[in-house]
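Ready for a few warm-up exercises? Have a look at the model below, try each task yourself, and then check the worked solution.

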Amino acid sequence: MTTNTSTVNPTTANLSGVTENPRLNLAKTAPKVFRALVGFDAAAREGLDPALVELIQIRASHLNHCAYCLHMHTNDARKAGESEDRLQLVAVWREARHFYTPREQAALALTEAVTLVADAGVPDDVYIEAAAHFDERELAQVLSLILTINTWNRVALATRKTPGTDER
């Protein structure tokens with residue numbers, strides 16, 4: 001009986017020593033799908049406060065352990081003027097509520113519930129609180145944004161996007 005002792009390396013190094021990702025590039029391999037996701041994302045953001053957009057994307061990326069998206073969205077938030085305190089505390093926002101408005105807190109709670117939907121669904125109290133801070137159209141936009149960042153997180157994780165290599 002022979003035992004294969006070789007291991008599959010998830011990355012390969014090129015001649016310059018830079019690690020390359022052997023997984024597919026969705027934008028190149030399925031451009032129509034990728035463009036549809038970009039369109040969905042753009043439509044979801046429409047009319048929402050850019051700071052709120054980034055907080056939602058950052059929190060979902062924390063929960064999904066998506067370093068690629070977390071790096072991208074924390075940098076975007078900084079460029080948009082977000083404070084370091086708020087960026088550093090968003091993962092523990094419940095313990096630092098005074099850094100976030102009630103509206104942002106409601107959006108963050110909804111982000112967590114939708115992102116972790118398999119754990120307990122979206123509790124009524126979380127949904128009702130979000131609905132109290134957003135009109136129906138805004139709530140639809142927030143929900144859509146949560147869905148898009150969760151999709152992007154899954155794309156980045158499945159294709160092993162490397163943090164710090166923002167390919168937009």
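**Getting your bearings**

Going along the sequence, the chain runs β-β-α-α-α-α-α-α-α-α-α. Keep in mind that this is a predicted model.

**Exercise 1. Work out how many helices and strands the chain has, and how much of the chain is buried**.

Step 1: Count the symbols in the pattern, and you get 9 helices and 2 strands.

Step 2: Now for burial: the chain has 168 residues, and 37% of them count as buried.

Step 3: Finish with the surface. About 10,000 Å² is exposed, and 58% of that comes from carbon and sulfur atoms.

**Exercise 2. Decide how far you can trust the coordinates, using pLDDT**.

Step 1: Start with the whole chain, where the pLDDT averages 90 and 87% of the residues score at least 70.

Step 2: Then check residues 1-14, where the pLDDT is below 50. In the model, this stretch has 11 contacts beyond near neighbours in sequence.

Step 3: Draw the conclusion: where pLDDT is low, the predicted coordinates shouldn't be read in detail.

**Exercise 3. Find the aromatic pair and say what kind of pair it is**.

Step 1: Searching the whole structure turns up 1 aromatic pair. Its partners are Phe34 and Trp152, with 5.4 Å centre to centre and 70° between the planes.

Step 2: Classify the pair. Planes over 60 degrees apart count as edge-to-face, so at 70° Phe34 and Trp152 are edge-to-face.

Step 3: Place the partners: Phe34 sits in helix α2 (residues 31-45) and Trp152 in helix α9 (residues 136-158). They are 118 residues apart, so the pair links distant parts of the chain.

Step 4: Are the partners buried or partly exposed? Buried means under 20% relative accessible area. Trp152 has 17%, so Trp152 counts as buried; Phe34 has 26% and is therefore partly exposed.

**Exercise 4. Describe the surroundings of Asn153**.

Step 1: Locate Asn153 in helix α9.

Step 2: Check its accessibility. The value is 0%, so Asn153 counts as buried.

Step 3: List what Asn153 touches, skipping neighbours within four places in sequence: Ala60, Ser61, Asn64, Cys66 and Cys69.

Step 4: Look at Asn64 again, because its side chain and that of Asn153 are joined by a polar contact of 2.7 Å, and the cut-off is 3.5 Å.

**Exercise 5. Find what share of the contacts with a separation of 6 or more joins residues 24 or more positions apart**.

Solution: The share is 65%.

Methods. Residues numbered from 1 in each chain as written. Predicted model: local features only at pLDDT ≥ 70, side-chain atom pairs only at ≥ 80, totals over all residues. Heavy atoms only, no water. Phe/Tyr/Trp six-rings, centres within 6.5 Å; stacked < 30°, edge-to-face > 60°. Helix = DSSP H or I, 4+ residues; strand = E, 2+ residues; numbered from the N terminus. Buried < 20%, exposed > 50% of the residue type's maximum accessible area, 1.4 Å probe, protein only. Polar contact = N/O pair within 3.5 Å; in protein donor to acceptor, adjacent residues only side chain to side chain. Contact = heavy atoms within 4.5 Å. pLDDT = per-residue confidence, 0-100. Areas by Shrake-Rupley, 256 points an atom, 1.4 Å probe, with all protein chains shown as cover.
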